[in-house]
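User: I would like a close look at one part of this structure, taken residue by residue and then helix by helix. Please keep to what the model itself shows.

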Amino acid sequence: MENFTYYSPTLYEFGRGAEEKIGMLTFLTGATKVMIVYGKKYAKTSGLLGRLENSLQTIGIDFVELGGVEANPTDTLVYEGIKKARAAHVDGLLAVGGGSVIDTAKAIAAGVGYKGDFWDFYTGKAIVESALPVGVVLTVPGAGSEGSGNSVITHIGEEGVPVKLSLRTDSILKPRFAIMNPEMTFTLSAYQTAVGITDMMSHILERYFSNTTRVEVSDRLCEGLLMALMSEAPKALSDPTDYQARANVEWAATLAHNGIVGCGRREDWTSHAMEHEISALYPKVAHGAGLAVVFPAWMAFMAHHKPSKVAQLGRRIFDVDERDDRAAAIETVASLRAFFSVVLRMPLTFKALGVENPDIDTLVARLHTNKGEEIGGYYRLTAADTRQIYELMLGGEKVEPAS
């Protein structure tokens, strides 16, 4: 286990009626005028936005609105939000929605006080040194952004070429509070729920696949969360009003991404980087659905190049009893694919994802332009390697053996 610093400043208000405390929790951040950031439908049509605004007014907190956040959020609304927040002298952000809304609010919070282009933070040209406080009312679990200091935004670059990058901070952009009422997720479709569960499982796996040794505590935390999700997912999908199943899934999503399962270990994040290129080039692809295609392909490659941790995962959570690591890893990949496709009804190939003829040349080129000549924490991947992984997503099973 490596040295680590873990700081989690987020207050979690969890359970039925939690949203009734929005005024008090916002007041405690010190904000006097907030920008409420939300998506297109649920916040308004459900009446939630009106209830939140009444609660803020009752306690004397003013607000402005910024709606219309879409999945795979772009910089267009971030720039609009920064301009509007400065003009209104906003001193706090309130995100009402899921990961896309929260990530947009974080980007605005970082950009309001910065004299340059907020995109500098995402490209590494600048470091976030201060930000407005962000509060969250979660309506879509899965992204885990309510407990992390991370944000993912797509920048519409030169000639309209989209670039999707993540920003990671240890504490500055972690929300001050997160209101989590599982009842708010009852109206999610089975597909939206499954996409979220796939995303949260991927957050766990990105941390699980590590070269750091003797991390038994965090390994077991990862495995336990995965097992809990695999147990609760069918219940949440079969009955969207099963409060206890939804509560377990929602809390698992937070624990998957608030940093606790990554303590003391180096993480991977290759699969997320590869998926970001897919959903940047093909923006109709839902992030979680893309991960359902990417992660098994990445693991299939690892089964032949570095199978030990894949085999451990299979033996501990899929009851794989093969002694040979490579054979055990191959069986593990098959088990994960079966869970994604049979239980979650997620796609496993580019075609099932709705991408008939993926431009693999462009995906590989942009991946390594954005992330470097070699990428990966668990196993260093060249462009030839990532090309092979993308090609596995076409539906083939052939993996070139390790040299």
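In which helix is Ala384 found? Please start there and then work outward to the packing of the helices and to the loop that holds Asn258.

Analyst: Ala384 is found in helix H16, which covers residues 383–392, and everything that follows should be read with the reminder that this is a predicted model. The residue has a relative accessible area of 53%, and because the cut-off for exposed is over 50%, Ala384 counts as exposed. Along the chain Ala384 and Val364 are 20 residues apart, while in space their C-alpha atoms are 8.6 Å apart.

Helix H16, to which Ala384 belongs, packs with H10 at an angle of about 65°, and the axes of these two helices are 12 Å apart. The crossing of H10 and H16 is right-handed. On the H10 side the residues that take part are Met274, Glu277 and Ile278, and they meet Thr386, Ile389 and Tyr390 of H16. Sorted by class, this contact of H10 with H16 is made up of 4 nonpolar, 1 polar and 1 charged residues.

Helix H10, residues 270–281, also bounds the loop in which Asn258 lies, with helix H9, residues 243–257, on the other side of that loop. Asn258 has a relative accessible area of 6%, and since buried means under 20%, this loop residue is classed as buried. The side chain of Asn258 reaches the backbone nitrogen of Ile260 at a distance of 3.2 Å. If residues up to four places away in sequence are left out, Asn258 touches Tyr6, Tyr12, Gly147 and Lys174.

A further helix pair can be set beside the pairing of H10 and H16. The axes of helix H7, residues 190–208, and helix H11, residues 287–305, come within 7 Å and cross at roughly 50°, which means that H7 is oblique to H11. The crossing of H7 and H11 is left-handed, whereas that of H10 and H16 is right-handed. From H7, the residues Tyr191, Val195, Thr198, Asp199, Ser202, Leu205 and Glu206 meet a set in H11 that consists of His287, Gly288, Ala289, Leu291, Ala292 and Phe295. By class, the contact of H7 with H11 has 7 nonpolar, 4 polar and 2 charged residues.

How values were computed: Residues numbered from 1 in each chain as written. Predicted model: local features only at pLDDT ≥ 70, side-chain atom pairs only at ≥ 80, totals over all residues. Heavy atoms only, no water. Helix = DSSP H or I, 4+ residues; strand = E, 2+ residues; numbered from the N terminus. Buried < 20%, exposed > 50% of the residue type's maximum accessible area, 1.4 Å probe, protein only. Polar contact = N/O pair within 3.5 Å; in protein donor to acceptor, adjacent residues only side chain to side chain. Contact = heavy atoms within 4.5 Å. Axes fitted to C-alpha atoms, helices over the stretch in contact; angles between N-to-C directions. Parallel < 35°, antiparallel > 145°, perpendicular 65-115°, else oblique. Left-handed = near helix turned anticlockwise from the far one by under 90°. Nonpolar A, V, L, I, M, F, W, Y, C, P; charged D, E, K, R; others polar.
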